[in-house]
Amino acid sequence: MVKLTINEQEVEAGRDSTILEAAKSVGIIIPTLCHTKGLEAYGGCRMCLVQIERVPRLQTACTTKVNEGMVVFTETEEINKARRAVLEFLLINHPLDCPVCDKAGECLLQDHVARYGASEGRFAEGKRVHPENVNDPFIVRNMQRCILCARCTRMCGEAQGAYAISVTGRGAHSFVEPFSGDRYNCEYCGNCLTVCPVGAIMSRLHRHSYRPWYVEKEVETVCGFCGVGCTTFLQMRAATIIRTLPKLGTGVNKGLLCVRGRFGYDYVESEGRLKTPMIRVNGVLEPVSWEKALAYITTRLKDIAKRHSPKAIAAIASGMCSNEDNYMLQKLMRFVIGSNNIDSTARLSYAPAKTYIEKIFGTAATANNISDIEKSDGIFTAGGDPTAINPVLGIQIRSAWRRGAKVVVSGQPGGLGNFIDYDLNSVPLHEETVLNTIVIGLAEMKGYTGKNPYIEKKIKALRVPCEPELRATGVLLENMEEAIDDLSRLKNPVVVVGPALLQSGIPSKNLFLVAAIAYLIDARVYLLSKKPNYRGLIDMGCVPDSIPGGLPVRPGQIKLKKGVTLTVPSDKGMNLFEMIEGALDGSLKALYVMGENPVFNLPDREKTEKALKALELLVVQDIFMTETTRHAHVVIPASAWSEKDGTMTNLGGRIQFLRKGAAVSTGRSEWRVIADIAKALGMNETYSDSKEVWEEITQISVLHSASEYEEIKGVGLMWPYGSVQFQGGAEDFEVEGLEILPEVPGRKTSEGCVVPGNKLYLLPERSLFHSGSTTRKSKAILSVSPEPYLAINTVEAGRLGLCNDDTVWVKTARGAAVVTVKIVMDCPEGVVMLSNTFEKVNFNALVGYAVDPVLKCMVLTDNEAHIEKL
């Protein structure tokens, strides 16, 4: 530590601290324009000039390091005169249009001029003129107001890693412009909006409609779009969100947001929101009162349980809902009705991957702090583009690469394309061979530690690929060997696993191979989660084989502090796929679906619709009419993410508060509606708020038993909650096809590699802009991504004679659709990609699925595609 004096006040600061940081630590505020949290010191604006004893000239506080015995003054006449001069120079060209500027009231330049002066200019020359640009759907540029602090360009490059904008021109004709020219062609994270200190870069969504004094309430909460759990602030007026924004340095996101988190919130204000319950009468859904709807549900559930047993009733939980919502649904099914039939769409990939990885390494294997990714010296990713599925986690990988970390990507690199050392993007059906090669190579270089005999035994059973098999991957052997060499040298590595790894080939082998890589290089494992609370719903017991806290289902009783005893059913529960089969064969009679749309989100739509039509009772609780609610016997309005109080658990295992910005438009949150149904079915407990639900969770869940509600404040509560030592050890596990490798003969690619004949495979495109079907209700998101497209690479497009914006037929064994073409550079040969967002054209309507016998996850089938140009 270093001792210095600032404004005659003794200050103690770290040796690497700047004067600006040291002053702030004791409450002395030095004005800045170019400096902001999260960016390197720049020293460009000269507003932070300070006087240092025995130093002849004024120095910038943001770049000058502290020294022992240093004496600093931050407010003298000389300093104030210099700051006033800086502001006068800035105002030479800055328009004096504060009354109509959208930044008025939160403009740093306005604040500094009010404090230091320069209210009159001495320059008679006219101001520079630059036309305002409003041609972008999200961002308005008024470069006449730009003060060239370079905050936006540094944020775009240093923090976001997008490098989409730059300062162009010279002298007084310097402006910030996107490389794409007129309109931005970027990730639309909007983080440049956060840091612009003036009104040069503003949100088009709030143009002429926002002022800081309009804000009646500001609520800190968690973003409701993906599993990162970014901290965001809702600014409210008249119970309506008028803006969402981050605060630099706060939360796991450190003040960064993605396009969905910043602009996609408007779906909660959609006119299509469900307002009242509905019951199907003579084939038509008719509005009814809450009392009538809940009474109907209760009566029908009682009747079905009596006639067929509780095993005939099931529920689907939601990764979009809070821990309290999911716990209450689990309680209704397991402890009130008496059925273990509860699951969610986490079953498709996330839940099986989490179970499998934790069986190999132990319970804590996937509970890791997201911010630690940035500090790692190497990252291996497989199974999807992190910058699209969990964008802020992807930014951590970019940041690690810029700091010198080695990044190895197996699969489509996507938004990591410019931040990787090794692109091991194989042709279809051959990723397994690439992973197999890496595992064998690492085992030869690193050897075995003996820590986990189960995984080591299986690694030794792997077959070494022959030369034709290696060539068939489309990845150069030299690249694989260099990647293996660099991976073997890592000291603090990370492995990131995406959902695509489980959806083709042999899922258990693919996941085992990635786990083997993590084991051999001693890496932490992160599972990408496209929904915000997949991990939380699993912890809440919304799986058929475990109760809240992760303990396996065993017949018996659980005692609560109030003297209440809960009985765990003995019958084996159905998973999501078994529910579909059960509805078809008649063993399942009733299904309660909360915040989920299985008709849209599961492949083989015809099968899912047939199953739902066969049910005696289908209850759907959602915020919109969806493909699933159209088959429901009862529809219950739900609350949106911004209307909830409760908690969520992010993909790394951090529990955070979800806080309500506005009252629930329907008047009732999900957990409260379910609690009312449970009460009518015999539950004794009552709850006044979500805190009381959480307190019951801590009584039932051994995982959460030592956690206190108040401990969740701030950055949340990280695993292990309250220092509970709840960690199972490694176990033996099953892997299919250890000694086999894919052998698919076919045509040669442009690089001379082999792919399967002239076949094309249709795979899901995981869009940066969209989050399932939710964002199709967001006018803001639709303004930048309004319609589906078929992604294809240049080689396949050339072979088929296709250009951008051509219209084609996409045909599979399951169906056909008409869609426009978009040529994408990193789409592998032999593959075309389609999103699952839009109602009329979507991926799941064109493919089927099978259930993997080991992981019980979804494996895509019938996805061979034929493309015809119209």
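**Helix packing, an open sheet and domains in a predicted model**

Helices α2 and α3 (helices being DSSP runs of H or I with at least four residues, strands runs of E with at least two, numbered from the N terminus) are oblique to each other, since angles under 35 degrees count as roughly parallel, over 145 as roughly antiparallel, 65 to 115 as roughly perpendicular and the rest as oblique. The model is predicted, so local features need pLDDT of at least 70 and side-chain atom pairs count only at pLDDT 80 or more, while totals for chains, interfaces and linings use all residues. Residues are numbered from 1 along each chain as its sequence is written, and side-chain values use heavy atoms, with hydrogens and water left out.

**α2 and α3**
- The axes of α2 and α3 (residues 108-116), which are lines fitted to C-alpha atoms over the stretch in contact, with angles from 0 to 180 degrees between N-to-C directions, come within 10 Å and cross at roughly 135 degrees.
- Asn80, Arg83, Arg84, Leu87 and Leu90 of α2 are in contact (heavy atoms within 4.5 Å) with Leu109, His112, Val113 and Tyr116 of α3.

**The open sheet**
- Five strands form an open sheet of mixed pairing (at least two DSSP bridges between two strands), in the order β2-β1-β5-β3-β4.
- Because β2 (9-13) and β4 (59-60) each have a single partner strand, they stand at the edges, and one side of each is left without a neighbour in the sheet.
- Strand β1 (residues 2-6) runs parallel to β5 (residues 71-73) and is joined to β5 by two bridges, with Thr5 standing opposite Val71 in β5.
- Helix α2 (residues 77-90) packs on this sheet, where α2 touches β3 (49-52) and β5, and the direction of α2 makes about 155 degrees with that of β3.

**α21 and its surroundings**
- In helix α21 (residues 670-680), the buried residues (under 20% relative accessible area, against over 50% for exposed and in between for partly exposed, with a 1.4 Å probe and protein chains only) are Glu670, Trp671, Val673, Ile674, Ala675, Ile677 and Ala678.
- The cover over these buried residues includes α7 (290-308), α8 (323-337), β24 (590-594), β25 (617-622), β26 (634-637) and α22 (690-700).
- Helices α8 and α21 pack at about 15 degrees with their axes 8 Å apart, which means that α8 is roughly parallel to α21.
- Their contact brings Glu324, Asp325, Met328, Leu329, Leu332 and Val336 of α8 to Glu670, Trp671, Ile674, Ala675, Ile677 and Ala678 of α21.
- Gly682, just after α21, takes a positive phi of about 120 degrees.

**Domains**
- An automatic or database assignment sets the bounds of domain 1 (2-75), domain 2 (215-269), domain 3 (278-344 + 542-718), domain 4 (374-527) and domain 5 (757-869).
- The centres of domain 3 and domain 4, taken over C-alpha atoms, are separated by 37 Å.
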